[in-house]
Amino acid sequence: MNLEISTPTNELSQRLSATPRGARLARRLTATQLATWGYPHDSDASHTAQLLVAELAANAVTHGRVPGRDFELKLTLLPEKDTLRIEVSDTRGDRELRFLDGGSEDEHGRGLVVVFVLSARWGVARRTVGKTVWAELPLTSRRRPCPRRPVPEG
Ligand SMILES: Nc1ncnc2c1ncn2[C@@H]1O[C@H](COP(=O)(O)OP(=O)(O)OP(=O)(O)O)[C@@H](O)[C@H]1O
Ligand SMILES: [Mg+2]
C-alpha cells in the first residue's frame, strides 16, 4: 500500500515560548519563511510581515501570556488572494484588545496602531483556550481601506 503524506507548503505553524526570545524567534521565522516563498529578507513584503509579527508576538508574550504556556505563530500564504495571513494565538482569554488613547508622552499603545496601519484586515477570534489575533497583508498591492475596529470572527 502506498501512503502519501502531503505537507502543505503554503503554511507554517510553530509553537514558541511566551518570552521575549520566543517573540524574536517568531520574527526571524517569518523572515525565513517569507524568503522560501519568494520574498527576500530585505523586500517590502518581508519587512512589513516582520513588523506585524513582531507587534502581535510582543503582545502575546506580554498581555496574552499565561505562565508556562506557549504561544503559536501561524503563517498562511493565500495565493488566490495574493495575501499573507498571520495568526498569533495566546492562551489568555480574559483580556480585551483595545486601542490606547495615550497622549504624546505615552510610550505604549503603538502596537495595534501599527497592525491597523500595515494590514488590510485584522481581527480577534476567540478559541476554547485563549484567542487568535490575526492580520492579513496583501503581498502585491498597497494597503486597502479597512475598519479601525477588529473584524469579529469565530
Ligand atoms: N494578545 C493580547 N492579549 C491581551 N491583551 C492585549 C493583547 N494585545 C493587546 N492587548 C491589549 O491592548 C492594548 C493595546 O495594545 P498595543 O499593542 O497597541 O499597546 P501596548 O502593547 O500596550 O504597547 P506597545 O505595543 O506600544 O509596546 C494593550 O495595552 C493590552 O491591554
Ligand atoms: Mg503592543
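**Exercise 1.** Find which helices each supply at least two residues of the shell around ligand 1 in this predicted model.

*Solution.* Step 1: look along the helices for residues of the shell. Helix H2 (44–62) meets the condition, and so does helix H3 (111–118).
Step 2: turn to single residues. The shell has 17 residues, and those that come nearest to ligand 1 are His 63, Asp 90, Gly 109, Arg 110 and Leu 112.
Step 3: sort the shell by class. Eight of its residues are charged, six are polar and three are nonpolar.

**Exercise 2.** Identify polar atoms of the protein that lie within 3.5 Å of an N or O atom of ligand 1.

*Solution.* Step 1: start with the nitrogen atoms of the ligand. One nitrogen atom of ligand 1 is 2.9 Å from a side-chain N or O atom of Asp 90. A polar atom in the side chain of Lys 131 lies 3.0 Å from a nitrogen atom of ligand 1.
Step 2: go on to oxygen. An oxygen atom of ligand 1 and a polar backbone atom of Gly 111 are 3.1 Å apart.
Step 3: consider the cover as a whole. Ligand 1 exposes 600 Å² when taken alone, and the protein buries 89% of that area.

**Exercise 3.** Describe the pocket in which ligand 1 sits.

*Solution.* Step 1: place the ligand. Ligand 1 sits in the largest pocket, whose volume is about 560 Å³.
Step 2: list the lining. It consists of 23 residues; Asn 59, Thr 62, His 63, Leu 100 and Leu 112 lie nearest the centre of the pocket.
Step 3: assign the lining to elements. H2, H3 and strand E5 (131–138) each supply at least two residues, and H2 gives the most, with six.
Step 4: sort by class. The lining has eight nonpolar, eight charged and seven polar residues.

Terms used:
Residues are numbered from 1 along each chain as its sequence is written. Chains are lettered from A and ligands numbered from 1 in the order in which they are written. This is a predicted model: local features need pLDDT of at least 70, side-chain atom pairs count only at pLDDT 80 or more; totals for chains, interfaces and linings use all residues. Side-chain values use heavy atoms; hydrogens and water are left out. A residue is near a molecule or strand if one of its heavy atoms lies within 4 Å of it. A polar contact is a pair of N or O atoms within 3.5 Å; within protein, one must be able to donate a hydrogen and the other to accept it, and residues adjacent in sequence count only if both atoms are side-chain atoms. Accessible areas come from the Shrake-Rupley method with a 1.4 Å probe; for residues, only the protein chains shown count as cover. On a 1 Å grid over the protein atoms alone, a cavity is a set of points where a 1.4 Å probe fits but cannot get out, and a pocket is an open set with protein on both sides within 12 Å along at least five of seven lines; lining residues have an atom within 4 Å of a point. A molecule sits in a cavity or pocket if more than half of its atoms lie within 2 Å of its grid points. Helices (H or I, at least four residues) and strands (E, at least two) are DSSP runs, numbered from the N terminus. Ala, Val, Leu, Ile, Met, Phe, Trp, Tyr, Cys and Pro count as nonpolar, Asp, Glu, Lys and Arg as charged, and the others, Gly among them, as polar. Grid points are joined across faces, edges and corners, and a volume is the space filled by probe spheres set on the points.
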